[in-house]
Amino acid sequence: MKPIIGINCDYEEEGKRPYSFTYRDYSDAIIAAQGIPLLLPIVKDKNTVRLLLEKMDGLLLTGGNDVPPQRYGEEQHKKTICVHPDKDISDNILVRVAMQMKKPILALSIKIRKMCIIAILWL
């Protein structure tokens, strides 16, 4: 059976209806590796995230904009472009629950740092 790999989506709503998306390259790579990509929208409920992760064999955390520095008591630099607050919350829940469930995770870019921060604060 092919493994199901969850891909966290990005999220935008500026000047448009809110929408979730990811770059096609991520799905194409999973398909090329004989997996089944499953796009994950913004979900802020731990129980729902757990139910979704139970259906998956692994997780791909895509890169994106910066973690809001205010989350860690720091000021935002004028060139910082932060992720949408809902995505930040959703990604944090996704990472925490996936780590608790010991799901394999491939984290790209900023998500590597986010996983390290969560692991340090969580442990």
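**Exercise 1.** Does Gln34 count as buried, partly exposed or exposed, and at what relative accessibility?

*Solution.* The model is predicted: local features need pLDDT of at least 70, side-chain atom pairs count only at pLDDT 80 or more, and totals for chains, interfaces and linings use all residues. Residues are numbered from 1 along each chain as its sequence is written, and side-chain values use heavy atoms, with hydrogens and water left out.

- Step 1. Take the cut-offs: buried is under 20% relative accessible area, exposed is over 50%, and partly exposed lies in between (1.4 Å probe, protein chains only).
- Step 2. Gln34 has 48% relative accessibility, so it counts as partly exposed.
- Step 3. Locate Gln34: the loop between α1 (24–32) and β4 (36–40). Helices (H or I, at least four residues) and strands (E, at least two) are DSSP runs, numbered from the N terminus.
- Step 4. Check the backbone. Gln34 is not a glycine, yet its phi is positive, near 70 degrees.

**Exercise 2.** Place Lys102 and classify its accessibility.

*Solution.*

- Step 1. Lys102 sits in the loop between α3 and β6 (105–107).
- Step 2. Its phi is positive, about 60 degrees, although Lys102 is not a glycine.
- Step 3. The relative accessible area of Lys102 is 72%, so this residue is exposed.

**Exercise 3.** Describe how α2 (residues 46–54) packs on α3 (residues 85–100).

*Solution.*

- Step 1. Two packed helices are described by the angle between their axes and the distance between the axes.
- Step 2. The axes of α2 and α3 come within 10 Å and cross at roughly 55 degrees.
- Step 3. That makes α2 oblique to α3. Angles under 35 degrees count as roughly parallel, over 145 as roughly antiparallel, 65 to 115 as roughly perpendicular, and the rest as oblique.
- Step 4. List the contact residues (heavy atoms within 4.5 Å). α2 gives Lys46, Val49, Arg50 and Leu53; α3 gives Ile93, Leu94, Val97, Ala98 and Gln100.
- Step 5. Sort the contact by class: 6 nonpolar, 1 polar and 2 charged residues.

**Exercise 4.** Which elements each supply at least two residues of the largest nonpolar core?

*Solution.*

- Step 1. Such a core is a set of buried Ala, Val, Leu, Ile, Met, Phe, Trp, Tyr and Cys residues joined through side-chain atoms within 4.5 Å.
- Step 2. This core has 13 residues; Leu40, Val49, Leu53, Leu59, Leu61, Leu94 and Val97 touch the most other members.
- Step 3. The elements are α2, β5 (58–61) and α3. The largest share, 5 residues, comes from α3.
- Step 4. Follow Leu53. Beyond four places in sequence, Leu53 contacts Leu59, Leu94, Val97, Ala98, Met101 and Lys103.

Note on methods:
Axes are lines fitted to C-alpha atoms, for helices over the stretch in contact, and angles run from 0 to 180 degrees between N-to-C directions. Ala, Val, Leu, Ile, Met, Phe, Trp, Tyr, Cys and Pro count as nonpolar, Asp, Glu, Lys and Arg as charged, and the others, Gly among them, as polar.
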